[in-house]
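Hi there,

Here is the structure I promised to pass on. Have a look at it first, and then read on for what turned up.

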Amino acid sequence: MTNAESFEAFVRRYQDMVFATAVRLLGNPADAEDAAQTVFLRAFERYAQLAGNPAAGGWLKTTARNVSLNHLSRYRARWRFFSEMDADRETGERYEDGLESQVSRAIEPLDDLDRRHRLEQAIHRLPDAQRVPLVLFHFEELGYDEIARVLGVSLAKVKTDIHRARQALRRVLTDDDAR
Amino acid sequence: MTPDNESELERIVAAELRQLPLPRAPETLLPRVMQAVEAAGERAWYAGPWLTWPVAAQLASIAIVAVLAYAGWRVPHAPPSVVAAMSTARVLWEALIQPLLPYLVAVMVLMGLACVVFGAALNYVLLERVEQRR
């Protein structure tokens, strides 16, 4: 097997895991595909150490997480400002209402899609500030403290954002159950 | 929401999220990666990041930079043109720049401080205030 064939097999083996990490953090398949490509190019530069290494999966997952967070950090401050302009200052609930209506609109013509697909879509539609800590907690299995450190925000904000994200997802699930 | 309700919400959401299948990579990803890898392979080794160079090339590059730095520091007999240029530069330095140097440094420091203050104020007004409203 040539080096290219070996690397192709390596990509086939890990591409779903890398893409899943990126798409859940970024909430956008196109950006996630770019991030996954960047991850595999970095892996190719270190392929001599990664090939056949049992730690390769962990390295790829960590790199996918870091590449995705770096991608988001370029836009985080700008996003945070404009998203807050849109939010209801009194209750802070308008975003979730908007999400619910967006998800409901998305669900209406897609009755045949299953509940898990709708939940995955709802995760993608969460704002970055809620989706990222939620994904880091539930899929990347980081603790609240570590999430706060990685994102450079306060522990209280991490807990609040994750709570809001869970509430938004629960509304989607409740709505789903009521259908 | 009470802590009990919060932990219940966490449990419910975690249980639902655990059931989600792993999103599958699009079929376009593998060809894209292999194409990019092929392009990277065709690129000369020295066009890549220094950290990816072969060890021998890294050592050689360090040695060359060290020799050049030493040669620049200990030029034994500079040609007359170099000496003349250096003399001109020295005259310009002593006549024009050196007397004003303390003021230039002060202005640069003050401008730096002004930038820091302006940046901090902008960060507070645009970002932290909206953060606190959340």
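Let's start with a question to try by eye: is the crossing of α7(A) and α8(A) left-handed or right-handed? Turn the view until one helix lies in front of the other, then decide. The crossing is right-handed. Before you read too much into any of this, keep in mind that the model is predicted.

**The α7/α8 pair in chain A**

The axes of α7(A) and α8(A) lie 10 Å apart, and the two helices pack at an angle of about 135°. An angle over 145° would count as roughly antiparallel, and 65 to 115 as roughly perpendicular, so α7(A) and α8(A) are oblique to each other. On the α7(A) side, the contact uses Val132(A), Pro133(A), Leu136(A) and Phe137(A). The α8(A) side brings Ile147(A), Val150(A) and Leu151(A). Sorted by class, that contact has seven nonpolar residues, with no polar and no charged ones.

Phe137(A) is worth clicking on. This residue sits in helix α7 of chain A. Is Phe137(A) buried or exposed? There are 24 other C-beta atoms within 10 Å, and the cut-off for buried is 20 or more, so Phe137(A) is buried. If you skip its neighbours within four places in sequence, Phe137(A) is in contact with Leu142(A), Ile147(A) and Ile162(A). Take Ile147(A) from that list: it comes 10 residues away from Phe137(A) along the chain, and their C-alpha atoms are separated by 7.5 Å.

Now look at the loop between α7 (128-138) and α8 (144-151) of chain A, where you will find Glu141(A). Most residues other than glycine have a negative phi. Glu141(A) is not a glycine, yet it has a positive phi of about 60°. Glu141(A) has 8 C-beta neighbours inside 10 Å, so it counts as exposed.

**Chain A as a whole**

How many helices and strands are there in chain A? The count is nine helices and zero strands, so to speak a run of α-α-α-α-α-α-α-α-α when you read along the sequence. Of the 179 residues in chain A, 35% are buried. Among the contacts in chain A with a separation of 6 or more, 65% are between residues 24 or more positions apart.

Near the start of the chain, α1(A) has a kink of about 50°, centred on Tyr14(A). Just after α1(A) comes Gly27(A), with a positive phi of about 70°.

**Chain B, and where it meets chain A**

Chain B has five helices and zero strands, in the order α-α-α-α-α. Buried residues make up 4% of its 134 residues.

Where the chains touch, 33 residues of chain A are in contact with 31 residues of chain B. Several helices of chain A each supply at least two residues to that side: α1 (3-26), α2 (29-45), α4 (56-86), α6 (115-125) and α9 (155-178). Which of them gives the most? That is α1(A), with 10 residues. By class, the side of chain A that touches chain B has 16 nonpolar, five polar and 12 charged residues.

Two helix pairs across the two chains are good ones to zoom in on.

- α1(A) with α2(B): these helices pack at an angle of about 130°, with their axes 10 Å apart, which makes α1(A) oblique to α2(B). The crossing is right-handed. Phe7(A), Glu8(A), Val11(A), Arg12(A), Gln15(A) and Phe19(A) meet Leu29(B), Leu30(B), Val33(B), Met34(B) and Val37(B). Those residues divide into eight nonpolar, one polar and two charged.
- α2(A) with α2(B): the angle is about 45° and the axes are 10 Å apart, so these helices are oblique to each other. α2(A) passes α2(B) in a right-handed crossing. From α2(A), the residues are Glu33(A), Ala36(A), Gln37(A), Phe40(A), Leu41(A) and Phe44(A), and they meet Leu29(B), Arg32(B), Val33(B), Ala36(B), Val37(B) and Ala40(B) of α2(B). The split here is nine nonpolar, one polar and two charged.

Have fun turning it around on screen!

Cheers

Terms used
Residues are numbered from 1 along each chain as its sequence is written. Chains are lettered from A and ligands numbered from 1 in the order in which they are written. This is a predicted model: local features need pLDDT of at least 70, side-chain atom pairs count only at pLDDT 80 or more; totals for chains, interfaces and linings use all residues. Two residues are in contact if their C-beta atoms, placed from the backbone, lie within 7 Å. Helices (H or I, at least four residues) and strands (E, at least two) are DSSP runs, numbered from the N terminus. Ala, Val, Leu, Ile, Met, Phe, Trp, Tyr, Cys and Pro count as nonpolar, Asp, Glu, Lys and Arg as charged, and the others, Gly among them, as polar. A residue is buried if 20 or more other C-beta atoms lie within 10 Å of its own, exposed if 12 or fewer, and partly exposed in between; C-beta atoms are placed from the backbone. Axes are lines fitted to C-alpha atoms, for helices over the stretch in contact, and angles run from 0 to 180 degrees between N-to-C directions. Angles under 35 degrees count as roughly parallel, over 145 as roughly antiparallel, 65 to 115 as roughly perpendicular and the rest as oblique. A crossing is left-handed if the near helix is turned anticlockwise from the far one by less than a right angle, and right-handed if clockwise. The bend at a residue is the angle between axes fitted to the seven residues ending there and the seven starting there.
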